[in-house]
Amino acid sequence: MRSEYETIIVGGGVIGNSIACHLAEKRQEGILLIEQKYPLTGTSGSTQAWVWVHTKTPAYYGEFSMYSSELYPYLERRIGDVEFHRTGGLAPFFSEAERERAKRLAESQAEVGIEIQVLTRDEVLAMEPALSPEVAGATFSRIDGNVNPLRLVEMYMRTAKKHGVEYLYYNRVTNLEKRQGSFVVQSKKGRFTAKNLILCAGVWSREVGKMLGVNIPIDPVRGQILITEPLAPLLNHTISSMRQTLNGEVLIGYSHERAGFDRSSTLDIMQNTASMAARYVPALARAHVVRCFSGIRAMPEDELPILGKVPGVEHLYVAAMHSGITLSPLVGTLMTELITEGDTSIPIDRYSIARFA
Amino acid sequence: MDTSTILCRCEEITAEEIQLALQQGAESFDDVKRLTRCGMGQCQAKICRIPVSQYIADCRTIHVSTVPLPRLRMPLRPIPIGVLAARMDSALAENALLAEAEQHQGSKAEGGEAGEK
């Protein structure tokens with residue numbers, strides 16, 4: 001194995017793999033991706049993987065998410081079946097007071113081209129008959145959907161490998177430094193150098209950034225999810241707390257807790273989640289839970305993506321965010337433009353790490 | 001063992017599929033699980049854990065004791081959602097998605113990306 005590369009990507013989650021795949025598709029050579037464990041061990045493998053847009057705010061962030069969602073069909077044609085389904089997304093509400101809030105959301109999102117319908121109780125029940133008759137209404141948008149995150153990361157990785165990207169797994173990075181115009185990456189399996197360094201360490205970004213004296217303000221947030229046994233088709237849409245997979249399992253969860261890097265499942269959250277499931281979809285009360293899991297999500301200080309060049313360190317890039325599944329097609333595209341052409345086709349200034357300085 | 005032998009009965013995963021995952025760089029049961037769905041079915045690896053771990057060890061020519069155990073999670077046997085939910089006050093069990101969306105809308109005044117082009 002060689003030791004000098006054009007580009008080294010630190011982190012093999014959905015973002016690192018998407019960037020590797022997009023860069024390699026643009027014929028960049030000499031790419032090495034370093035992953036501390038194996039892809040899907042961390043955040044990207046423990047998610048419901050909604051491709052979710054319509055409630056994303058501020059509106060400019062909703063717009064950014066929409067562009068990414070719209071890239072999915074084209075991405076899937078290139079990298080292969082990732083079980084992307086534009087199911088449409090429903091965010092149910094249970095009181096009339098919420099309707100005003102829903103209308104305000106629909107109005108402000110319309111300004112950036114995200115179409116949201118505010119549904120009456122009868123309309124939402126006609127579209128999603130399994131929902132509780134107690135529902136008061138819902139916001140609905142066609143733009144939302146979901147994807148199989150395991151397939152997605154695997155297909156990014158396979159495509160990247162097909163185009164020559166090299167991978168090192170179970171290879172924790174122990175030190176990073178910039179020396180004479182190139183980055184020196186010290187890792188468990190050896191020392192490598194590269195002209196470009198891209199930090200895609202998600203929830204581990206703080207730790208990785210520190211090695212280069214860069215503050216990447218991202219903290220872990222735990223999300224717990226219940227999985228049911230495979231059920232007959234029950235849900236038609238991606239609902240803002242659950243979705244049904246192709247093989248019939250329903251994934252349910254909307255918890256977020258500050259629990260550091262602890263990935264335990266806890267009974268109180270499982271009970272809350274079960275209760276929410278039965279409240280939203282009464283028929284689920286009879287479904288068996290076969291497993292729960294817990295993922296730690298990357299949460300930037302202001303909850304928005306951290307994307308682009310790192311000011312003051314030439315050829316250093318960062319791409320770390322919440323909602324990496326939704327954003328990965330666009331982030332892969334834009335980061336590739338930035339690295340190969342020096343600029344992006346749509347502005348990403350708002351997401352610059354410079355905003356934290 | 002034939003490569004068509006099914007090692008995970010719930011998801012019908014064969015030895016060959018596990019081999020392919022190992023060729024992709026997977027090392028542990030959980031790595032293989034995420035690529036193949038082996039162990040993700042009804043039994044949650046209670047039946048396939050030993051044969052699959054042994055097979056991984058054989059393919060990688062290491063001892064089975066060094067193949068990390070798959071992560072076990074609650075519940076240990078399937079349990080109805082209604083039973084888990086029984087103690088909770090369901091009226092509180094709503095997510096606050098729309099409220100959160102509104103909270104973040106605050107910075108909207110800065111204008112959208114479309115305006116910057």
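Let me begin with a word we shall need: a contact here means heavy atoms within 4.5 Å. With that in hand, we can turn to the model above, which is a predicted one, and I will start with chain A as a whole. Among the contacts in chain A with a separation of 6 or more, 72% are made by residues 24 or more positions apart.

How many helices and strands does chain A have? There are eight helices and 18 strands. As for overall dimensions, the C-alpha trace of chain A spans about 65 × 40 × 40 Å along its principal axes. A compact globule of 357 residues would have a radius of gyration near 21 Å, and because chain A has 21 Å, the two agree. Of the 357 residues in chain A, 65% are buried, while the area that chain A exposes is about 13100 Å², with carbon and sulfur atoms supplying 49% of it. Chain A also carries 38 positive and 39 negative charges, and the mean positions of these two groups lie 5 Å apart.

Now let us look at one strand of chain A and its neighbours. Strand β11(A), residues 190-199, is mostly covered, with seven of its 10 residues buried. Which strands pair with β11(A)? Strand β1(A), residues 4-10, runs parallel to β11(A) and is joined to it by six bridges, and here I9(A) stands opposite I198(A). Strand β10(A), residues 182-187, pairs with β11(A) in the antiparallel sense over five bridges; these two strands form a hairpin with two residues between them, and S187(A) has G190(A) as its bridge partner. Strand β18(A), residues 316-320, pairs with β11(A) in the parallel sense over three bridges, with L199(A) standing opposite V318(A).

Finally, I would like to move to chain B and its helix α2(B), residues 29-36. Is this helix largely enclosed or largely open? Eight of its eight residues are buried, so α2(B) is largely enclosed by the rest of the structure. Those buried residues include F29(B), V32(B) and L35(B), and also the residues D30(B), D31(B), K33(B) and R34(B). What do they pack against? On the chain A side they pack against α5 (149-162) and β16 (288-300), and within chain B against β2 (13-14), α1 (15-23) and α3 (49-60), which are elements you may like to find in the structure above. Just after the helix, R37(B) takes a positive phi of about 75 degrees.

Notes:
Residues are numbered from 1 along each chain as its sequence is written. Chains are lettered from A and ligands numbered from 1 in the order in which they are written. This is a predicted model: local features need pLDDT of at least 70, side-chain atom pairs count only at pLDDT 80 or more; totals for chains, interfaces and linings use all residues. Side-chain values use heavy atoms; hydrogens and water are left out. Helices (H or I, at least four residues) and strands (E, at least two) are DSSP runs, numbered from the N terminus. The radius of gyration is taken over C-alpha atoms; the globule rule is 2.2 Å times the number of residues to the power 0.38. Buried means under 20% relative accessible area, exposed over 50%, partly exposed in between (1.4 Å probe, protein chains only). Accessible areas come from the Shrake-Rupley method with a 1.4 Å probe; for residues, only the protein chains shown count as cover. Lys and Arg count as positive and Asp and Glu as negative; His and the chain ends are not counted. The place of a charge is taken as NZ of Lys, CZ of Arg, CG of Asp or CD of Glu. Two strands pair if DSSP finds at least two bridges between them.
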